[in-house]
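The following paragraphs lead the reader through one structure, beginning with a pair of charged side chains and moving outward to the chain as a whole. Please keep the coordinates at hand while reading.

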Amino acid sequence: QIARYSRWMDDEYRELEELNEAALQKEEEIVELMEDMVRLQRRLDDSKREASRRKSKYRNYMRDSDRALEAQRKYCEELEEAADMMAEQIDELNRNQQDRRCESRH
């Protein structure tokens, strides 16, 4: 009976050692998973910062682009006004020249 009890105790001890080893392995897996989570959180934070930086850069680009388009539109308006003025001056010069021709004929 002592031998049977001794075997039972040995079996229990072996099972306890196996459970302890399995618990240590699970603990190591948990530590690895936590380290992975920390790395992923850092990557996520980096990605968020990069997305924010790009969004800000895009907003600045669009603002600058809008300003450039407005300046270009104003410049085109000024060119059109200058062209109209030049056309008027050319018409006036042509009229003056015709008037002189008419005067010189009389």
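In this predicted model, Glu50 has a relative accessibility of 28% and counts as partly exposed, because that class covers values between the 20% limit for buried and the 50% limit for exposed. The side chain of Glu50 meets that of Arg53 in a salt bridge, with an N to O distance of 2.6 Å. Both residues lie in helix H1, 3 residues apart, which is about one turn of the helix. Arg53 is likewise partly exposed, at 45% relative accessibility. The pair does not stand alone: Glu50, Arg53 and Arg54 are linked in a network of salt bridges.

Arg53 also serves to show how the chain extends in space. Its C-alpha atom is separated by 77 Å from that of Gln1, and the two residues are 52 residues apart along the chain. Two further pairs can be set beside this one. Leu44 is found in helix H1 and is partly exposed, with a relative accessible area of 41%. Between Leu44 and Glu77 there are 49 Å, C-alpha to C-alpha, for a sequence separation of 33 residues. Arg59 is found in helix H1 as well, and its relative accessible area of 49% makes it partly exposed. Arg59 and Glu70 are 11 residues apart in sequence, and their C-alpha atoms are 16 Å apart in space.

What is the secondary structure of the chain? It comes to 1 helix and 0 strands. Helix H1 spans residues 2-105. The overall dimensions can be read next to this assignment. Taken along the principal axes, the C-alpha atoms fill a box of roughly 155 × 15 × 10 Å. The radius of gyration of the chain is 45 Å, whereas a compact globule of 106 residues would have a value near 13 Å.

How much of the chain is buried? Buried residues make up 0% of the 106 residues. The accessible surface of the chain amounts to about 10700 Å², and carbon and sulfur atoms account for 53% of that area. One part of the surface can be named in detail: Tyr5, Trp8 and Met9 make a nonpolar surface patch of about 350 Å². Of these residues, Tyr5 lies in helix H1 and has a relative accessible area of 52%, so it passes the 50% limit and counts as exposed.

The charged side chains deserve a second look. By the distance rule applied here, the count comes to 10 salt bridges. Besides the pair of Glu50 and Arg53, one of them joins Arg49 and Asp46, whose side chains meet at 2.3 Å, N to O. Arg49 and Asp46 both lie in helix H1 and are 3 residues apart, about one turn of the helix. The two partners fall into separate exposure classes: Arg49 counts as exposed at 53% relative accessibility, while Asp46 is partly exposed at 41%.

Another salt bridge is formed by the side chains of Asp64 and Arg67, with an N to O distance of 3.9 Å. This distance still counts because the rule accepts a nitrogen within 4 Å of a carboxyl oxygen. Asp64 and Arg67 are again found in helix H1, 3 residues apart, or about one turn of the helix. Asp64 counts as partly exposed, at 41% relative accessibility, and Arg67 is exposed, with a relative accessible area of 53%.

The cysteines remain to be considered. How many disulfides does a search of the whole structure find? The search finds 0 disulfides. Cys76 is partly exposed, with a relative accessible area of 38%, and Cys102 is partly exposed too, at 40%.

Taken together, the description returns to its main elements. The chain has 1 helix and 0 strands, and its radius of gyration is 45 Å. Buried residues account for 0% of the chain, and the salt bridges number 10.

How values were computed. Residues are numbered from 1 along each chain as its sequence is written. This is a predicted model: local features need pLDDT of at least 70, side-chain atom pairs count only at pLDDT 80 or more; totals for chains, interfaces and linings use all residues. Side-chain values use heavy atoms; hydrogens and water are left out. A disulfide is a pair of cysteine sulfur atoms within 2.5 Å. Buried means under 20% relative accessible area, exposed over 50%, partly exposed in between (1.4 Å probe, protein chains only). Patches are made of residues with over 30% relative accessible area and no salt bridge: like charges are joined within 9 Å, nonpolar side chains (Val, Leu, Ile, Met, Phe, Trp, Tyr) within 5 Å. Accessible areas come from the Shrake-Rupley method with a 1.4 Å probe; for residues, only the protein chains shown count as cover. Helices (H or I, at least four residues) and strands (E, at least two) are DSSP runs, numbered from the N terminus. The radius of gyration is taken over C-alpha atoms; the globule rule is 2.2 Å times the number of residues to the power 0.38.
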